[in-house]
Amino acid sequence: MWGQEVYNYTGSIQTYTVSADAEEGSQLTFLVRGGDGGRAEVCDCKAGGGNGAITEATITIGSNTSAGQIPAGTELRLIVGGKGTDEIRSGCFAGSTGSGG
């Protein structure tokens, strides 16, 4: 077992290189969690952003790339997303909005 690495949002591409001496047939497991949604506050309406989704993917180390394997020594490029933007509006208005057709 190689251990655990944590990647956080940086705004840039990050890399992970599969160990050159990784044994064929060994696996990498990625447990990823998406960024939480931003919150919204407009007049008296307040809504918190949802939690980011969590998913897991397992990739096998090997030379059979047509079967989805990745060779030892491969550099993976990781794009880590961040939290959603908050939308805070202080002004309220009377009347209606919308579109007609």
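Residues 24 or more positions apart account for 67% of the contacts in the protein chain, counting contacts with a separation of 6 or more. A contact here means heavy atoms within 4.5 Å. Before going further, please note that this is a predicted model, in which local features need pLDDT of at least 70 and side-chain atom pairs count only at pLDDT 80 or more, while totals for chains, interfaces and linings use all residues. Residues are numbered from 1 along each chain as its sequence is written, and side-chain values use heavy atoms, with hydrogens and water left out.

**The overall picture**

Welcome to a chain with 7 strands and 0 helices. Read from the N terminus, its elements run β-β-β-β-β-β-β. Both kinds of element are DSSP runs numbered from the N terminus: helices are H or I with at least four residues, and strands are E with at least two.

Of the 101 residues in the protein chain, 11% are buried. Buried means under 20% relative accessible area, exposed means over 50%, and partly exposed lies in between, with a 1.4 Å probe and protein chains only. The accessible surface of the protein chain is about 7,800 Å², and carbon and sulfur atoms hold 48% of that surface. These areas come from the Shrake-Rupley method with a 1.4 Å probe, and for residues only the protein chains shown count as cover.

**Four residues to visit**

The table introduces four residues, each with a partner some way off along the chain.

| Residue | Relative accessibility | Partner | Separation in sequence | C-alpha to C-alpha distance |
|---|---|---|---|---|
| Leu78 | 18% | Tyr16 | 62 residues | 7.4 Å |
| Ile88 | 45% | Lys46 | 42 residues | 9.1 Å |
| Ile70 | 14% | Gly25 | 45 residues | 10.0 Å |
| Gly62 | 4% | Ser26 | 36 residues | 8.0 Å |

Let us start in the loop between strand E5 (54-60) and E6, where Ile70 is found. Ile70 counts as buried because its relative accessibility is 14%. Setting aside residues up to four places away in sequence, Ile70 touches Val18, Leu28, Ile59, Thr60, Ile61, Gly62 and Leu76.

Gly62 also lies in the loop between E5 and E6. With 4% relative accessibility, Gly62 counts as buried. Beyond its neighbours within four places in sequence, Gly62 is in contact with Glu24, Gln69, Ile70 and Pro71.

Moving on to strand E6 (residues 75-78), we meet Leu78. Leu78 has 18% relative accessibility, so it counts as buried. Apart from neighbours within four places in sequence, its contacts are Tyr7, Ser12, Ile13, Gln14 and Tyr16.

Ile88 sits in strand E7 (residues 87-89). At 45% relative accessibility, Ile88 counts as partly exposed. Not counting residues up to four places away in sequence, Ile88 touches Arg39 and Glu41.

**The largest pocket**

The largest pocket has a volume of about 1,000 Å³. A pocket is found on a 1 Å grid over the protein atoms alone, as an open set of points where a 1.4 Å probe fits, with protein on both sides within 12 Å along at least five of seven lines; its lining residues have an atom within 4 Å of a point. Grid points are joined across faces, edges and corners, and the volume is the space filled by probe spheres set on the points.

The lining has 26 residues, and Glu5, Tyr7, Thr29, Phe30 and Leu31 lie nearest the centre of the pocket. Strand E2 (residues 27-33) gives the largest share of this lining, with 7 residues. Sorted by class, the lining has 14 nonpolar, 10 polar and 2 charged residues. In this scheme Ala, Val, Leu, Ile, Met, Phe, Trp, Tyr, Cys and Pro are nonpolar, Asp, Glu, Lys and Arg are charged, and the others, Gly among them, are polar.

**Cysteines**

The structure holds 0 disulfides, a disulfide being a pair of cysteine sulfur atoms within 2.5 Å. The sulfur of Cys45 has its closest cysteine sulfur in Cys43, 8.7 Å away, which is too far for a bond. Cys45 counts as exposed, because its relative accessibility is 53%.
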